[in-house]
Amino acid sequence: MPISMKGMLTISVGFVLASSLLLLVWLLGTDDTEYVLETTWRRVEPNPRDLFTRRIPNVIWQTVKSHRVPRAAYKAGNSWTRLNPTYDRIVLDDVEVLEFVEKYYNQTEVELFKSMPVGVMKADFFRYMVVYIHGGVYADADTRNHRAINWWVNPDCEFVVGVEGNGSFFCQWAFAAAPRHAILKLLVEKIFHKLTSGLDFSSPHFVHGVTGPAIFTDAIREALGISNEERPANIISSERGMELRKEGICWFTSRQLGRVLSNMFAHERAEFRESGWSNWFEEAEKIHDEDAGKN
């Protein structure tokens, strides 16, 4: 039976719609875009006003292995830029990080920095160094910003820190401080002391104790006179915690932290692994196993 003109038109329209849908699916599933983080490295000293007023300057610090990043990291970075138009956002890659360390630290300290065997340890140490020298906000490159910084960093804050979800450690994948803050000074000194004394790889979690959340939490405790028995989650609501708030130490519970920031934990995501981001847990475990084999 011959097909009517109307029938042929219906078939043609259907074919075009189906073809368009297939093309759209293909385009969405194929993303060959190269996401590059453009940044300007400000070679300036901290603003003297920030040093004397104990003000947290309007700058966001981040670090990446390379300026070519996965799409998710690019979008996460844009969340900081979009929500904080009055802030400078400076992203340093591995080469620029080393340039920074060489500029502000002596040759012995530079060699100690370079000696750290896991990449994330250098990223950890750098965040403390750069915020100590320049002040500002630090956030991991796989961290999304959900609320403007001025909403959660008050003008009277000198050090801003949240509590990890487990309540046992202070969060160091995002924090803020005024330049030359005593907590970060002590923290940098403690890490250099550990590196000078020689690293102990007997625990698979040695990164936490040398540059990660454990030593970050220890430095906060020591600098503020908080006992080791008191969990960070309990410090915030304690009488001592409220007294410290009046002295410029601004706290966040893990729930409050989750309202303003979220971390994608890049080492667990295939998209990041495929883009060359390492799984530092695996790197640290390998070093631990090799050390155990020698002993």
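This is a short group-meeting talk about one predicted protein model and a few places inside it.

Hi everyone, and thanks for coming. Please keep in mind throughout that we are looking at a predicted model.

Let's start with the whole protein. It has 295 residues, and 46% of them are buried. The chain folds into 15 helices and 10 strands. About 15700 Å² of surface is exposed, and 55% of that comes from carbon and sulfur atoms. Now think about which parts of the chain meet each other. If we take contacts between residues at least 6 apart in sequence, 79% of them join residues at least 24 apart.

Next, the disulfide. For anyone new to the word, a disulfide is a covalent bond between the sulfur atoms of two cysteines. How many does a search of the whole structure find? The search turns up one. Which two cysteines does the disulfide join? The partners are C157 and C250, with 2.0 Å from S to S. They sit in distant parts of the chain, 93 residues apart: C157 is in the loop between helix 7 and strand 7, while C250 belongs to strand 9, which covers residues 249-252. The torsion about the S-S bond is about -100°, so this disulfide is left-handed.

Are these two cysteines buried or exposed? Buried means under 20% relative accessible area. C157 has 1%, so C157 is buried. C250 has 4%, so C250 is buried too. While we are on cysteines, have a look at C171 as well: its relative accessibility is 0%, so C171 also counts as buried.

Now let's look for empty space inside. The count comes to one cavity of 30 Å³ or more. The space in the largest cavity is about 40 Å³. Which residues line the largest cavity? On the list are W152, V160, V161, G162, A174, F175, F252, L257 and L261. By class, eight of the lining residues are nonpolar, one is polar and none is charged. Two strands each supply at least two lining residues: strand 7, residues 159-162, and strand 8, residues 174-177. Strand 7 gives the most, with three residues.

Follow the chain past strand 8 and we reach the loop between strand 8 and helix 8, where we find R180. What is the phi of R180 near? The value is near 60°, which is positive, in a residue other than glycine. For background, most residues other than glycine have a negative phi. R180 has a relative accessible area of 33%, so R180 is partly exposed.

H181 lies in the loop between strand 8 and helix 8, and helix 8 itself spans residues 182-197. With a relative accessible area of 7%, H181 falls under the 20% cut-off, so H181 is buried. What does H181 touch, not counting residues up to four places away in sequence? The partners are R54, Y132, E158, F159 and I249.

I have two more stops for you, both in helices. The first stop is T217, in helix 10, which runs over residues 213-224. T217 is buried, with a relative accessible area of 2%. Leaving aside neighbours within four places in sequence, T217 is in contact with S168, F169, F170 and P232. If you want a distance to try on the screen, pick the C-alpha atoms of T217 and N228: they are 11 residues apart along the chain and separated by 9.6 Å.

The other stop is A76, in helix 3, residues 71-83. A76 counts as buried, at 1% relative accessibility. Setting aside the neighbours within four places in sequence, the contacts of A76 are A141, T143, R144 and M264. Here is another distance to try: A76 and D140 are 64 residues apart in sequence, yet 9.7 Å apart in space, C-alpha to C-alpha.

So, to gather up the tour of this predicted model: we met one disulfide, between C157 and C250, and a largest cavity of about 40 Å³, with strand 7 giving the most to its lining. We also visited R180 with its positive phi, and the buried residues H181, T217 and A76. Thanks for listening, and do turn the model around for yourselves!

Key. Residues numbered from 1 in each chain as written. Predicted model: local features only at pLDDT ≥ 70, side-chain atom pairs only at ≥ 80, totals over all residues. Heavy atoms only, no water. 1 Å grid on protein atoms, 1.4 Å probe; cavity = no way out; pocket = protein on both sides within 12 Å on 5 of 7 lines; lining within 4 Å. Points joined across faces, edges and corners; volume = space filled by probe spheres on them. Helix = DSSP H or I, 4+ residues; strand = E, 2+ residues; numbered from the N terminus. Nonpolar A, V, L, I, M, F, W, Y, C, P; charged D, E, K, R; others polar. Buried < 20%, exposed > 50% of the residue type's maximum accessible area, 1.4 Å probe, protein only. Contact = heavy atoms within 4.5 Å. Areas by Shrake-Rupley, 256 points an atom, 1.4 Å probe, with all protein chains shown as cover. Disulfide = S-S within 2.5 Å.
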